[in-house]
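I opened this chain to look up how its parts fit together, and I kept notes as I went.

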Amino acid sequence: MSKCIFCLTVSGQFLSEEHIFPESLGNKTKILPAGCVCDFCNNGVLSILDSVFVQFDGIAMMKALHQIPSKHGQLKALFLQDTKIKHRGSGHVEIQLSSNEQVSSSDNGAQWTSIGRTKLTPSYIKQVARAILKQAYECAFLDHGPLVLEGSFDPLREAILTGKNFDSYLAIKKQVSPDPTKGGCKYIPTSFGGVSGLIAVSSFFNIQLGTVFPFGSDEGMPLDQFNVIHFSGLD
Ligand SMILES: [Zn+2]
């Protein structure tokens with residue numbers, strides 16, 4: 001019998017498979033088969049969280065620079081506040097900066113800085129954190145099966161589906177060497193005050209984003225290496 005690992009329905013429709021990581025990041029292998037996630041969750045909230053993750057500025061920028069197409073095979077220009085990244089045929093990317101001051105020389109040649117599109121408000125940051133938690137929870141299901149369907153994981157499912165009662169933070173790695181060949185998610189199961197949860201770190205192109213649920217169970221997260229932005233259940 002099919003059962004949704006998010007809303008736990010057994011009576012919904014189950015026609016769709018679920019990509020643990022967005023298809024538009026090239027994921028063709030980490031997939032939950034039809035029957036694991038109901039279509040209502042899959043096509044609704046999970047689809048929104050996937051979009052939020054793919055559009056996170058660092059990820060969107062790497063996707064544009066390395067010409068990784070959308071799931072429909074399209075290459076789209078990326079417009080940051082002060083930078084345009086356009087595709088000019090295979091292997092040719094044009095970067096238009098608004099000002100010379102964005103460029104400086106470095107030991108490796110030149111580097112540029114850009115201002116992202118999206119303000120890192122608590123409500124936006126919380127959506128990114130929920131997207132990471134979604135990936136980690138699905139990886140945990142892949143590894144541990146029905147164990148994660150136990151009632152002690154109900155608050156985690158609620159945090160992913162609604163963001164209610166999700167007080168935590170998003171941790172963004174301060175210094176990374178972007179790498180287009182890297183992608184995946186690490187998770188550590190936790191238990192804190194009778195609530196089962198996860199420490200989750202998602203790393204695409206080596207851009208590392210982490211979060212914890214519940215808050216307080218983050219022993220082992222090397223937070224000094226991250227910029228940390230907090231949000232609350234009300235954001
Ligand atoms: Zn569902």
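The entries below go from the domains to the sheets, the core and a few backbone details.

**Entry 1: domains**

I noted at the start that this is a predicted model. I then looked up the domain assignment, which gives domain 1 as 1-43, domain 2 as 57-112 and domain 3 as 119-231. For domains 1 and 3, I found the C-alpha centres 19 Å apart. Eight residues of domain 1 make contact with 10 residues of domain 3. I sorted the side of domain 1 that touches domain 3 by residue class: seven nonpolar, no polar and one charged.

**Entry 2: the three-stranded sheet**

I looked at β3, β4 and β5, which form an open sheet in that order with antiparallel pairing. The edges are β3 (78-79) and β5 (93-97); each has a single partner strand, so one side of each has no neighbour in the sheet. Between β4 (residues 83-87) and β5 I found five bridges, running antiparallel. To fix the register, I noted that Thr 83 has Leu 97 in β5 as its bridge partner.

**Entry 3: strands β8 to β12**

I followed the pairings from β9 onward. Strand β9 (residues 183-192) pairs with β10 in the antiparallel sense over 10 bridges, and Ile 188 has Ile 199 in β10 as its partner. The hairpin of β9 and β10 has two residues between the strands, and Gly 193 there takes a positive phi near 60°.

Next, β10 is joined to β11 by seven bridges, again antiparallel. Phe 204 is bridged to Ile 207 in β11. These two strands also form a hairpin with two residues between them.

From β11 I went to β8, where two bridges join the antiparallel pair; one pairing sets Ala 171 against Gly 210 in β11. On β8 (residues 168-173) I also found β12 (residues 226-231), paired in the antiparallel sense over six bridges. There, Ile 172 stands opposite Asn 227 in β12.

I checked burial along β10. Eight of its 10 residues are buried, so β10 is largely enclosed by the rest of the structure.

**Entry 4: helix α4**

Which residues of α4 are buried? In this helix (residues 154-162), I found Leu 156, Arg 157, Ala 159 and Ile 160 to be buried. They span an arc of only 160° around the axis, which puts them on the same side of α4. I then looked for what covers them; the list includes α3 (122-144), β10 (195-204) and β11 (207-213). After the helix comes Gly 163, with a positive phi near 80°.

**Entry 5: the largest nonpolar core**

I turned to the largest nonpolar core, which has 54 residues. Those touching the most other members are Val 128, Leu 133, Ala 136, Tyr 137, Leu 198 and Ala 200. At least two residues each come from α1 (39-55), α2 (57-65), α3, α4, β8, β9, β10 and β11. The largest share, 11 residues, is that of α3. As background, nonpolar side chains in soluble globular proteins tend to be buried together.

I took Tyr 137 as one case. Leaving out residues up to four places away in sequence, Tyr 137 touches Val 148, Leu 156, Ile 160 and Leu 198. Leu 156 and Ile 160 are among the buried residues of α4 noted above.

**Entry 6: backbone exceptions**

I reminded myself that most residues other than glycine have a negative phi, and that most peptide bonds are trans. I then listed the exceptions I came across.

Asn 165 is not a glycine, yet its phi is positive, about 60°. The residue sits in the loop between α4 and β8. I asked whether Asn 165 is buried or partly exposed. With 13 C-beta neighbours inside 10 Å, Asn 165 counts as partly exposed.

Phe 205 also has a positive phi, near 60°, in a residue other than glycine. Its place is the loop between β10 and β11. Phe 205 has 22 C-beta neighbours inside 10 Å and therefore counts as buried.

Last, I checked the peptide bond from Phe 213 to Pro 214, which is cis, with omega near -5°. Pro 214 belongs to the loop between β11 and β12.

Notes
Residues numbered from 1 in each chain as written. Predicted model: local features only at pLDDT ≥ 70, side-chain atom pairs only at ≥ 80, totals over all residues. Buried ≥ 20, exposed ≤ 12 C-beta atoms within 10 Å, placed from the backbone. Helix = DSSP H or I, 4+ residues; strand = E, 2+ residues; numbered from the N terminus. Arc of directions from axis to C-beta. Contact = placed C-beta atoms within 7 Å. Pairing = 2+ DSSP bridges. Domains from an automatic or database assignment. Nonpolar A, V, L, I, M, F, W, Y, C, P; charged D, E, K, R; others polar. Core = buried A, V, L, I, M, F, W, Y, C linked by C-beta atoms within 7 Å.
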